[in-house]
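Me: Please take a close look at the aromatic rings in this model. I want the pairs, the charges that sit over rings, and the reasoning behind each label.

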Amino acid sequence: MKVITHWALAFVTAALLIFAHYDDSTVVQTIRLKQFDLLQQTDTPVPSQDIAILELDEATIEKYGQWPWKRTVLADIVVKLREAGAGIIVLPMVFSEEDRLGGDMPFIETIAGNGVVIAQVGSTQVNRNAVPRGVAKIGDPLPYLFEWPGMLGPIPLLGENADGVGVANTAPEIDGVVRRVPLIMRVGDETYPSLAVEVIRLATGAPSYQIKAGSGGVEKIRIPGYPIVNTDPNAQIWLRWNKQFSTVSAASDDWSSVEGKTVIVGITASGIGSMIASPTGPQYGYIPAAVTLQTMIDGDQIQRPFWANLAELGATAILTFLLVILARFAPYYIVGGAIVVFVGGLGYGALYAWQNYLYLMDAAMPAIAVVIVGLHAVFARFVSEFFQKQQIKKQFGTYVNPTVVEQLQKDPSLIKLGGEEKILTCVMTDMRNFTGLGESYGADVQGFTSVMNEYMTAIANPVLDNDGTLIKFIGDASMHIHGAPIDNPNHAYDAVKTVKAMLKAVEDFNFKLKLEGKPPVGMGAGVNTGKILVGNIGSDRKMGYDCLGDPVSVAARLESQTKSYGVLVIVGPDTVAATKDKYDYFELDNIAVKGKELPLRIYTLHKSSKSHTTFLKNYYGGAWDTAIKQADHCMAVHPRMKEYYAKMVERMQQGKPDNWDGIYRATSK
C-alpha cells in the first residue's frame, strides 16, 4: 500500500505521459488536431471580397438537364460569367474523357485565352494527360513534396488551351479532416501546382513559380509578382476556415455578384457534389480550393512554429513535474488551483497565439497530462494522509483533546511543544456596553447568550474573510492574528482592513439590536505588529494554537486605551509604518503603556491635518496652554475627533507634570 500511495509514483505517470507526447501516436495527433479545430472555430467569419461561387445546384440541373451536360453548356456559362464581369474562372472539374455529346470544340474555343483554370487530380491508378508546370528550384524540394503514383489530367486539347491546370486534390489529416492543402505536388520528377497556385500565377501573368527547400524541407513558394508564401516542410499551408463566399445559382438570371471576382464553379446538386470534412464542419469538395486561394490572397500565414513541438513537450514535462511537487507539499486548494491555472493558462496561451500570431499551438496534450498527473498525485496524497490521520488519532486521541487531534491530522509536523517566532500583526478587541446589553435581557440568559453568539459571529466573519486566524474569545473580547499559520507578507494591511470591516459589522449588528429594542454596543480594537511566538502552545497533556509575546501584550494595552482617547481603534507604530501608504492615520499621543518604560507613538484611523500637527507639537513641547486654545479650532477641522480633543484638554487642564518630557505614562491598563 505504501508503494501504491507514495507521492513519487506520480512522477512515473508524468514520465509515461511525456513519452506518449514525444512518441506522437495517432491518438496524440488526433487530440492535437481537434484542438486546432477549436481554435479555428473561434474565428470571426470574414466575407470574401475576391472570390464568388457559381453553384451548379438542383435548380441548375432542372434548367440544363441531366449531368454531365454537353460541354457547350459549360461554354455558355463561361460566356455568361465573362458578360457579368467575372475575373478568373475556375472549373474544378477533370475533363479526362472526350465529350460523348460532341461539345469539346466549342468549349475549347470558349476557354482558350479566356482566363479559365481547369483541374487535374493525383491518382493511384492512372497516369494520363498530366499537365506539369515547370518550377525554378532552390535546393531540392522533391523528397519533401506530396507524391502521387500518377496524375489524371484533361484531354490534350483542353490541357493545351486552358490558361491554367491545377491539382484539385486535398490532403486530409489522420482523422480525415482537411486542414492543410499542398500547394505543389509531384509525380516522379515533375511538379504540379494546386488550383489556387495556378489562379495566382494566371492573375500575375507569371509563366511558372519558384520553390525553396532547405535541410528540413520546403520553406517557401514564390510566384513572380506575388508575395512569398511560407509553407510547412511538405509545401503545405494551413487553411484559415473563416472565409465566407457569396454564391449564386447558375440557374439565376442575376449574376451581378460575381463582377470583379474570381469565380469558382462548384457542383452542389444532390448526388453529384462531393463533400469533405473541415474544422468547421462538412464542406463541398470545391471549397478547399476557394479557401486556399483566399488564405493566400489575405496573407493568412497560419504556422506551426519550428519550436512548437519542443515548447509543448517542455510544457508537459515542466508542468506535470511541478504539479507532482505541489501535490506533495502544498494544500489541496493550491493544487486544485494550480491545475485550473495550468490548464487555463495553456488554453489561453494557445488562443492568444492563434488570435495574435496565427500560431497553432497544442495545449491539449499538456493539459490532459496536467489533469491526469494532478488527479493521480492528489489521490495518492489523499489516501496516504487518510491512513496517517487514522494513525495520529490512534496515537493521540486518548490524551489530546479532539480539536488538537484535528489540527495534528491536518499538519502532523505540529506534533511538538512550542512554536515559531514570526513577524505578525495581532488584533485585540473588546465589546463596549456589554453590561448594558446584558441588563436589557434580564433573566433571559438564553436570549443574551444567543445575541452574544451573533455578535461574535459578526466580528469573526471579517477575520476569516481576510485570512486572519481567530486565536480565542475571552468573554466579550476577542484576539486574532494575521500572518500565521499561513505566511502573509501583507498581514499588517489585512489586519487594519479587517478591523474596519469588524467595525462595520458591529454597525450592522446594532441595526438588528435597534429593531429588537435593545441598546447598541460598540467595539474597541488595538492593532500591533511585531515578533510573536505562534504555534501549538501548552502542556504535554493539552495544547492549543496560541500566540505569545510583547507585541500581543501591547495590542491588549492599546485596546484598553481606546476609551481614554475617545476612539474605537488604536494602531501601533510598526503597523502604521507598514501600511501608511494604504491608510490615513491620525497621531494620538506618545505613550508608555502600563508596564512599559519605552514610549510608542499611537494612531487611529483618521486623516490628519496641519492644525493637528501644530496641536501635537505644542502638546509634546509642553506648551499646554497654547495647545488647549488650539483644541477648539482642531475640533472644527476634525468634528469626528471632538471626544479625543476633549479628553486631551481635560488631561492638560489637570496640570503639566514637573518632569514632562513629551511622553504620557499610562497608569492603568
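Reply: A charge sits over a ring if NZ of Lys or CZ of Arg is within 6 Å of the ring centre and within 35 degrees of the ring normal. The model here is a predicted one. Arg651 fits that description: its charged end sits over the ring of Tyr664, 3.5 Å from the centre. Lys518 does likewise with Tyr441, its charged end 4.1 Å from the ring centre.

Now the ring pairs. The whole structure holds 25 aromatic pairs. One of them joins Tyr352 and Tyr357, with 6.3 Å between centres and 65° between planes. Planes over 60 degrees apart count as edge-to-face, and the Tyr352–Tyr357 pair is labelled that way. Tyr352 is partly exposed, at 39% relative accessible area. Tyr357 is also partly exposed, at 48%.

Phe586 and Tyr645 form another pair. Their centres lie 6.3 Å apart and their planes meet at 85°, so this pair too is edge-to-face. Phe586 belongs to strand E25 (residues 585-592) and Tyr645 to helix H21 (residues 642-653), so the contact ties together parts 59 residues apart in sequence. Buried means under 20% relative accessible area. Phe586 has 0% and is therefore buried. Tyr645, also at 0%, is buried as well.

Back to the tyrosines. Tyr352 and Tyr357 belong to one aromatic cluster together with Trp307, Tyr348 and Tyr359.

Terms used: Residues numbered from 1 in each chain as written. Predicted model: local features only at pLDDT ≥ 70, side-chain atom pairs only at ≥ 80, totals over all residues. Heavy atoms only, no water. Phe/Tyr/Trp six-rings, centres within 6.5 Å; stacked < 30°, edge-to-face > 60°. Buried < 20%, exposed > 50% of the residue type's maximum accessible area, 1.4 Å probe, protein only. Helix = DSSP H or I, 4+ residues; strand = E, 2+ residues; numbered from the N terminus.
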